[in-house]
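Ready for some practice in reading a protein model? Work through each exercise with the structure in view, then compare your steps with the solution.

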Amino acid sequence: MQAKVRVKESFEERLVRMLGREEYGEFLSAVAKRGKKCIRINTLKVDRGKMVKRLEKRGWRLEKVPWFESAYWVDVDTKTLSLSIEHALGYFYIQDAASMLPPIALQPKKEEVILDLCAAPGSKTTQVAQMMENTGAIVANDYSLRRLAALRGNVQRLGIVNCVVTYMDALEFWKCGLKFKKILLDVPCSGSGSVINCWRIFEEWSLGIVRRLSRYQKDLLRAAVKCLDKEGVLVYSTCSLEPEENEEVVDFAIRELGLEVEETKFRGLKFREGLTSWEGKRFHDDVSKAVRIFPHDNLTEGFFVCKLVKK
Ligand SMILES: C[S@@+](CC[C@H](N)C(=O)[O-])C[C@H]1O[C@@H](n2cnc3c(N)ncnc32)[C@H](O)[C@@H]1O
């Protein structure tokens with residue numbers, strides 16, 4: 001039997017406008033069912049095949065996530081996962097499968113130097129480190145000491161040695177004069193895509209908060225672009241479903257900051273193009289190259305990912 005989810009009228013009304021009444025029903029049943037639990041096997045410490053066998057031996061059923069080699073959906077609750085010895089030893093990281101998309105879009109390579117400007121608690125930082133095979137350098141920045149403590153713990157647990165942790169205001173980071181060819185900007189957001197894992201978000205959601213965040217996200221993007229090299233790539237992402245936090249910010253990046261959008265492809269992912277209009281506002285056509293995912297598309301969190309290039 002599915003649990004009853006209480007949804008704010010204003011939120012429901014927007015989602016119905018985005019999806020239509022029928023598909024909104026699919027969204028609600030996915031949220032009531034909850035997202036699929038997912039782990040990323042940490043190949044910096046263990047062999048993927050051996051770890052799969054070890055976890056299957058104890059009765060866990062693993063199903064491959066098509067868009068990331070080391071990612072598996074597991075039929076085990078979060079408490080069991082987080083209390084397992086393999087988790088404590090950093091053999092795997094618990095991460096929603098959609099949260100793995102921004103690093104995939106960034107395509108970090110061995111020996112590169114990458115800035116992760118809003119990095120804590122480090123889900124994507126640790127994934128980037130894994131993709132770089134612990135070479136090169138990641139500057140992982142955040143301005144919350146509490147969240148940075150979690151990031152440091154994760155970096156250490158996963159055996160990452162290519163990560164420099166900085167405690168700076170992202171709005172001012174550019175003042176240190178460093179430039180990067182690749183930047184991950186996973187901004188603070190309303191989190192409405194995470195409702196599938198956290199129903200509380202339905203209660204906290206308000207249009208006022210969304211609008212305030214949208215302005216802040218544009219400020220963060222403007223500041224991040226100052227740290228980006230010419231021809232450099234910046235991946236912008238949120239776990240929000242709100243066009244103000246997603247398409248509107250990308251439209252701002254194109255029109256005000258002169259960035260270009262590059263298409264990104266993800267293997268086996270169900271997704272939609274970025275919206276080109278919302279509430280009477282028309283966005284730049286290239287905003288459609290962004291990737292928008294609803295929770296009911298893949299039974300993951302909802303996410304928005306856009307790859308931006310400085311020409
Ligand atoms: C969506 S979370 C990042 C999640 C992280 N990328 C991950 O994958 O684990 C956004 C982060 O931005 C940080 N943040 C917000 N405003 C900031 C600022 N002005 N400077 C630095 N960090 C900031 C918050 O503390 C929060 O940790």
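**Exercise 1: Salt bridges.** In this predicted model, how many salt bridges are there by the 4 Å rule? Then look at the pair Glu23 and Arg272 and work out which parts of the chain the pair ties together.

*Solution.*
Step 1. Search for a side-chain nitrogen of Lys or Arg within 4 Å of a carboxyl oxygen of Asp or Glu. The count comes to 27 salt bridges.
Step 2. Check your pair against the cut-off: the side chains of Glu23 and Arg272 meet at 2.6 Å, N to O.
Step 3. Now place the two residues. Glu23 belongs to helix H2 (residues 21-33) and Arg272 to strand E11 (residues 272-273), so this salt bridge ties together parts 249 residues apart in sequence.

**Exercise 2: A second pair.** Where in the chain do Lys182 and Glu112 lie?

*Solution.*
Step 1. Start with the contact: the side chains of Lys182 and Glu112 form a salt bridge of 3.1 Å, N to O.
Step 2. Locate each partner. Lys182 sits in strand E8 (residues 180-186), while Glu112 is in the loop between helix H6 (101-106) and strand E5 (113-116).
Step 3. The two are 70 residues apart, and the pair links distant parts of the chain.

**Exercise 3: A sheet.** In what order do the four strands of the open sheet lie?

*Solution.*
Step 1. Recall that strands of a sheet pair through backbone hydrogen bonds, either parallel or antiparallel.
Step 2. Trace the strands across: the order is E2-E3-E1-E4, with antiparallel pairing.
Step 3. Find the edges. Strand E2 (62-64) and strand E4 (92-94) each pair on one side only.
Step 4. Add the twist, which averages 35 degrees from one strand to the next.
Step 5. Zoom in on one pairing: three bridges join strand E1 (residues 38-41) to E4, and Ile39 stands opposite Ile94 in E4.

**Exercise 4: Around the ligand.** Which residues come nearest to the ligand?

*Solution.*
Step 1. Of the 20 residues around the ligand, Asp142, Arg147, Ala170, Asp186 and Tyr216 come nearest.
Step 2. Sort the shell by character: eleven residues are nonpolar, four polar and five charged.
Step 3. See where they come from. Helix H7 (123-131), strand E6 (137-142) and helix H10 (207-225) each supply at least two residues of the shell.
Step 4. Look for polar backbone atoms. One of Ala170 is 2.7 Å from a nitrogen atom of the ligand, and one of Cys118 is 3.0 Å from a ligand nitrogen atom.
Step 5. Finish with the surface: the ligand taken alone exposes 600 Å², and the protein buries 91% of that.

Methods:
Residues are numbered from 1 along each chain as its sequence is written. This is a predicted model: local features need pLDDT of at least 70, side-chain atom pairs count only at pLDDT 80 or more; totals for chains, interfaces and linings use all residues. Side-chain values use heavy atoms; hydrogens and water are left out. Two strands pair if DSSP finds at least two bridges between them. Axes are lines fitted to C-alpha atoms, for helices over the stretch in contact, and angles run from 0 to 180 degrees between N-to-C directions. A residue is near a molecule or strand if one of its heavy atoms lies within 4 Å of it. A polar contact is a pair of N or O atoms within 3.5 Å; within protein, one must be able to donate a hydrogen and the other to accept it, and residues adjacent in sequence count only if both atoms are side-chain atoms. Accessible areas come from the Shrake-Rupley method with a 1.4 Å probe; for residues, only the protein chains shown count as cover. Ala, Val, Leu, Ile, Met, Phe, Trp, Tyr, Cys and Pro count as nonpolar, Asp, Glu, Lys and Arg as charged, and the others, Gly among them, as polar.
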